[in-house]
Amino acid sequence: MKRQLSAILYADVAGYSRLTGQNEEQTHQQLNTGLNLLSEIITAHDGSKVHEAGDAILAEFSSATEAVDTAVEFQKQMASRDSDPGAGELIEFRIGVNIGEVIRDRGDIYGDGVNIAARIQEVAPPGGLCVSSVVLEQLSSKDYNYDDLGYRNFKNIERPVHVYEIRLPDLSEHHPMKAIETRVQGQPLFDDAIDKPPITAGHCSCGSVTLEVTQESLGTGFCHCKICRRCTGAPVFAWAAFPIEAVKFTRDKPKYYRLSLIAEKGFCKKCGSLVVWRGLKPEPANYFAVPTAILDNPEDYAPTWHGGIESQIPWLQIHDDLPRTRCTESPFLKKSWGSVGASDPDEWISLEYEKAKQLDDDSASS
Ligand SMILES: [Zn+2]
Ligand SMILES: [Zn+2]
């Protein structure tokens with residue numbers, strides 16, 4: 001029998017029998033509305049509905065992007081429904097998308113790829129969407145935020161499947177970086193920082209650059225971006241942000257190197273250890289990102305989110321539930337790069353190297 005590669009979408013109502021038990025008629029009406037809406041969106045994205053079975057829909061697409069766009073558009077529309085006070089609990093679909101080989105027979109499709117899509121769907125939260133890693137790799141749209149849910153073993157599926165959850169709402173308003181930016185907006189906050197006793201301290205390899213910190217951290221995180229990788233020489237940069245006024249260098253001061261148009265790093269001029277990172281655009285940031293690993297008590301500054309996840313090295317698997325974001329979603333990076341004329345994220349990386357080199361040449365010749 002002939003096999004063909006397809007993007008498979010499987011949608012199913014969460015807790016359908018429970019909802020039916022509560023209010024059969026309303027639930028059925030809502031189901032019809034939902035199934036009709038999903039069918040329309042599938043067609044609009046050049047997909048084809050293979051079958052409906054009770055409260056589930058199976059559809060196939062020739063493109064992963066179209067399948068995911070369909071699911072996202074449907075879930076967005078479902079989320080924006082007005083809840084009619086008399087209508088009871090609103091039904092919500094879970095959706096799974098996978099890519100796999102299918103066998104076509106009697107107007108239906110079969111194969112592991114289909115079963116995996118149905119299993120991935122079960123992992124998705126009500127109103128949500130999960131995809132396999134194969135789908136994520138194919139997505140041409142860079143606009144989606146996602147969480148790595150790790151490898152899952154499914155019944156009757158031989159190998160574990162790497163599952164990701166696509167986050168539906170626009171994250172930029174809730175980006176973890178927002179909290180730091182908000183905390184550092186009011187300068188007077190730091191006036192009393194100077195004379196306080198240190199709450200933590202750290203130093204470079206040789207001990208020449210020793211820092212003391214007198215205020216609590218503004219936020220912590222991981223950055224997987226390529227710039228941070230090269231800056232640290234480590235597969236991921238773990239940092240803790242502190243107000244600049246709260247960081248005191250008690251012995252030597254660090255030397256600064258312009259990493260790019262938008263940021264610089266401070267390092268020990270004797271041993272070379274990275275000791276601080278600072279954003280420079282649109283104006284110099286009033287906080288330092290200190291490498292967590294140079295602190296005396298790094299265990300107290302656990303990272304709270306992952307940034308630059310698009311550059312994560314595949315063999316570096318960190319199994320946590322922290323939010324995962326791409327550089328292109330960062331309001332800080334958008335603002336910084338926008339201020340130097342590079343509002344398109346695609347320009348950032350190339351500008352970073354070319355212009356940083358140019359800046360180096362400039363300073364060497366002057
Ligand atoms: Zn040193
Ligand atoms: Zn980075």
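**Strand pairing, cores and helix packing in a predicted model**

Strands S14 (residues 255-258) and S15 run antiparallel and are joined by four bridges. Strands count as paired if DSSP finds at least two bridges between them. Strands (E, at least two residues) and helices (H or I, at least four) are DSSP runs, numbered from the N terminus. The model is predicted: local features need pLDDT of at least 70, side-chain atom pairs count only at pLDDT 80 or more, and totals for chains, interfaces and linings use all residues. Residues are numbered from 1 along each chain as its sequence is written, while chains are lettered from A and ligands numbered from 1 in the order in which they are written.

Within the S14 and S15 pair, Tyr-256 stands opposite Gly-266 of S15. A hairpin of four residues links the two strands. S15 (residues 263-267) is largely enclosed by the rest of the structure, because four of its five residues are buried. A residue is buried if 20 or more other C-beta atoms lie within 10 Å of its own, exposed if 12 or fewer, and partly exposed in between, with C-beta atoms placed from the backbone. S15 also runs antiparallel to strand S16 (residues 274-279), through five bridges. There, Gly-266 has Val-276 as its bridge partner. The hairpin of S15 and S16 has six residues between the strands, and Gly-272 in this hairpin takes a positive phi near 90 degrees.

Across the protein chain there are nine helices and 18 strands. Of its 366 residues, 37% are buried. Contacts are residue pairs whose C-beta atoms, placed from the backbone, lie within 7 Å. Among contacts with a separation of 6 or more, 65% join residues 24 or more positions apart.

The largest nonpolar core holds 43 residues, of which Trp-239, Ala-241, Phe-242, Val-275, Phe-288 and Val-290 touch the most other members. Strand S12 (residues 237-243) gives this core its largest share, five residues. Another core, of 41 residues, lies apart from it and includes Leu-19, Val-50, Val-102 and Tyr-144. Such a core is a set of buried Ala, Val, Leu, Ile, Met, Phe, Trp, Tyr and Cys residues joined through C-beta atoms within 7 Å. Leaving aside neighbours within four places in sequence, Val-275 is in contact with residues including Cys-204, Leu-211, Gly-266 and Ile-294.

An open sheet of three strands follows the order S9-S10-S13, with antiparallel pairing. Its edge strands, S9 (200-203) and S13 (247-249), each pair on one side only. The average twist from one strand to the next is 20 degrees. Three bridges connect S10 (residues 210-213) with S13. One partnership links Val-213 to Val-247 of S13.

Strands S2 (residues 48-53) and S3 (residues 56-61) are also antiparallel, with five bridges. His-51 has Leu-58 of S3 as its bridge partner. Two residues lie between the strands in this hairpin, where Gly-54 takes a positive phi near 65 degrees.

Helices H2 (residues 24-44) and H3 (residues 64-79) pack at an angle of about 145 degrees, their axes 9 Å apart. Axes are lines fitted to C-alpha atoms, for helices over the stretch in contact, and angles run from 0 to 180 degrees between N-to-C directions. H2 contributes Gly-34, Leu-37, Leu-38, Ile-41 and Ile-42 to the contact, and H3 contributes Thr-70, Glu-73, Phe-74, Gln-77 and Met-78.

Conventions:
Contact = placed C-beta atoms within 7 Å.
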